[in-house]
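Okay, thanks for coming, everyone. I'd like to walk you through one protein today, so let me put it up on the screen.

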Amino acid sequence: MTDAITRKVNLDFLTSPQLKVLLGEYNNHIKYIQDRLDINISQRQHDITLSGDLTAIERAENIINKLADEAQTAKHISPEELHLIIQSSVSRAKEAEDEAERTLEQPDEYNPVSLRTRKGKIIPRGGNQQRYVKRILTSDVSFGVGPAGTGKTYLAVACAVDMLERNEIERILLVRPAVEAGEKLGFLPGDLSQKIDPYLRPLYDALYEMLGFEKVGKMIERQIIEVAPLAYMRGRTLNNSFVILDEAQNTTPEQMKMFLTRLGFGSRAVITGDITQVDLPRGHKSGLAQALQILGKIDEIHITKFDSKDVVRHQLVQKIVEAYDVFDEEQESIKEARKQARIAEQDRRMVEAAASANNAPKA
């Protein structure tokens with residue numbers, strides 16, 4: 001390694017059992033960090049020595065400090081947790097070096113933020129999730145756009161619960177367009193809440209995890225938490241509320257405009273969706289896609305875009321998303337090639353027709 005530097009991290013504040021948690025079994029955590037960042041790490045008692053490139057050393061220090069924080073409260077750090085800590089600190093690792101550098105240049109925006117719920121603390125993973133949460137907490141309108149498994153909906157609900165617990169808002173509204181994903185479910189029995197329940201299940205699951213079944217039930221009865229299909233939002237003005245519009249890719253442009261103009265004093269809205277999974281009938285434009293084009297230049301509206309590298313579900317989900325992205329790009333290339341071929345064929349026929357007209361005998 002060229003221009004290598006050496007730094008020492010002292011962990012005297014950790015007990016011996018805590019140090020073992022940080023290091024991992026047979027020092028596997030340290031070995032994993034060493035391989036990921038391409039640096040040399042040696043450990044002697046409570047001192048850890050790092051040697052390598054300056055940027056990598058700074059990242060390693062950050063990772064070790066986070067591991068030390070975890071080791072003081074946890075009895076075990078799993079390989080999955082270590083992977084997420086490294087992913088968060090490195091900000092998309094080596095393959096996104098440019099974005100990592102932008103992250104380091106803007107430390108204020110990437111100061112770690114956490115959310116508190118009755119069931120415990122929630123810590124966003126990765127620079128994109130951190131940025132997304134901070135934007136939700138500091139702006140009135142935020143968009144979270146990207147593939148499944150990136151935490152868009154879960155973190156939006158966590159922000160809503162955190163703000164409700166701190167009395168910054170008076171109620172939470174969960175809104176979703178009632179569009180089926182390619183299946184016709186037919187007539188659904190029950191009242192309005194029961195009819196819309198299947199569409200809002202991901203939001204309910206997050207609420208149950210953060211507040212518990214009994215607490216959520218009581219809040220729904222007192223209308224502190226309200227569920228509503230998007231079509232029922234027209235004519236309302238929402239004050240002192242946290243409104244989450246989930247699956248926004250299935251809104252029409254008219255519905256999206258209607259929703260965005262419902263916002264009242266002391267309220268904020270979070271719109272989440274994946275523009276690659278639109279379930280609207282063929283020929284209908286997505287309100288989310290249009291909104292991103294129209295509102296992108298408004299400084300007070302923040303748009304956070306996630307991609308496959310932000311997926312925090314099973315590791316295969318990331319590969320599945322990437323495979324579909326490659327397939328979609330290939331299909332777009334094929335469509336464009338066919339379009340150009342049709343245009344070329346039309347031009348050829350027009351030239352032939354003009355030539356035939358010029359060569360035809362005059363009367």
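Let me start with a word I'll use a lot: a residue is buried if its relative accessible area is under 20%, exposed if that is over 50%, and partly exposed in between. By that cut-off, 43% of the 363 residues of this protein count as buried. And please keep in mind that what you see is a predicted model.

Now the overall picture. We have 13 helices and eleven strands. If you take the contacts in the protein with a separation of 6 or more, 71% of them come from residues 24 or more positions apart.

So what sits inside? The largest nonpolar core has 34 residues, and the ones that touch the most other members are Val157, Ile172, Leu174, Leu207, Ile225, Phe242 and Ile244. Looking at which elements give two or more residues to this core, we get helices α6 (126-138), α7, α9 (201-211) and α10 (213-221), plus strands β7 (171-176), β8 (225-229) and β9 (241-245). The largest share is from α7, with nine residues. Take Val157 as an example: leaving out residues up to four places away in sequence, Val157 touches Leu203, Ala206, Leu207, Met210 and Ile244. Apart from that core there is another one, of 26 residues, with Leu19, Ile39, Ile41 and Leu67 among them.

Let me stay with Ile41 for a second. Ile41 stands opposite Leu50 in β3. The strands here are β2, residues 40-44, and β3, residues 47-52; they run antiparallel and are joined by five bridges. Together β2 and β3 make a hairpin with two residues between them, and Gln45 in the turn has a positive phi of about 55°.

There's a link from here to Leu14, which is in the loop between β1 and α1 (16-23). Is Leu14 buried or exposed? Buried, at 3% relative accessibility. Leu14 and His46 are 32 residues apart in sequence, yet C-alpha to C-alpha they are 7.9 Å apart in space. His46 is also one of the residues Leu14 touches, along with Leu19, Leu22, Ala68 and Gln72, again not counting residues up to four places away in sequence.

Okay, on to charges, and here's a residue I'd like you to look at: Lys152, in helix α7, which covers residues 152-165. Which side chain of opposite charge is nearest to Lys152? That's Asp274, at 5.9 Å, and Lys152 is buried yet has no salt bridge. For a salt bridge here, the side-chain nitrogen has to be within 4 Å of a carboxyl oxygen, so 5.9 Å doesn't qualify. What the Lys152 side chain does reach is the backbone oxygen of Pro147, at 3.0 Å. Beyond four places away in sequence, the neighbours that Lys152 touches include Tyr132, Gly144, Val145, Thr272, Gly273 and Phe306.

So where are the salt bridges? The structure holds ten of them. One pairs the side chains of Glu61 and Arg7, at 2.9 Å from N to O. Glu61 is in helix α3 (residues 54-71) and Arg7 is in strand β1 (residues 5-10), so this pair ties together parts that are 54 residues apart in sequence. Arg7 is partly exposed, at 30% relative accessible area.

Another one joins Glu168 and Arg166, where the closest N and O atoms are 2.0 Å apart. Glu168 is partly exposed at 42%, and Arg166 is partly exposed at 40%.

Then there's helix α13, residues 315-359, where Arg348 and Glu352 lie four residues apart, about one turn of the helix. These two form a salt bridge as well, with their closest N and O atoms 2.4 Å apart. Arg348 comes out partly exposed at 39%, and so does Glu352 at 41%. Through salt bridges that share partners, Glu345, Arg348, Arg349 and Glu352 join into one network.

Last stop: Gln290, in helix α12, residues 287-295. Gln290 is partly exposed, with a relative accessible area of 24%. Pro253 is 37 residues away along the chain, but the two C-alpha atoms are separated by 6.6 Å. Gln290 touches Pro253 and Lys285, once residues up to four places away in sequence are left out.

That's my tour, and I'm happy to go back to any part of it.

Conventions. Residues are numbered from 1 along each chain as its sequence is written. This is a predicted model: local features need pLDDT of at least 70, side-chain atom pairs count only at pLDDT 80 or more; totals for chains, interfaces and linings use all residues. Side-chain values use heavy atoms; hydrogens and water are left out. Buried means under 20% relative accessible area, exposed over 50%, partly exposed in between (1.4 Å probe, protein chains only). Lys and Arg count as positive and Asp and Glu as negative; His and the chain ends are not counted. A polar contact is a pair of N or O atoms within 3.5 Å; within protein, one must be able to donate a hydrogen and the other to accept it, and residues adjacent in sequence count only if both atoms are side-chain atoms. Contact means heavy atoms within 4.5 Å. Two strands pair if DSSP finds at least two bridges between them. A nonpolar core is a set of buried Ala, Val, Leu, Ile, Met, Phe, Trp, Tyr and Cys residues joined through side-chain atoms within 4.5 Å.
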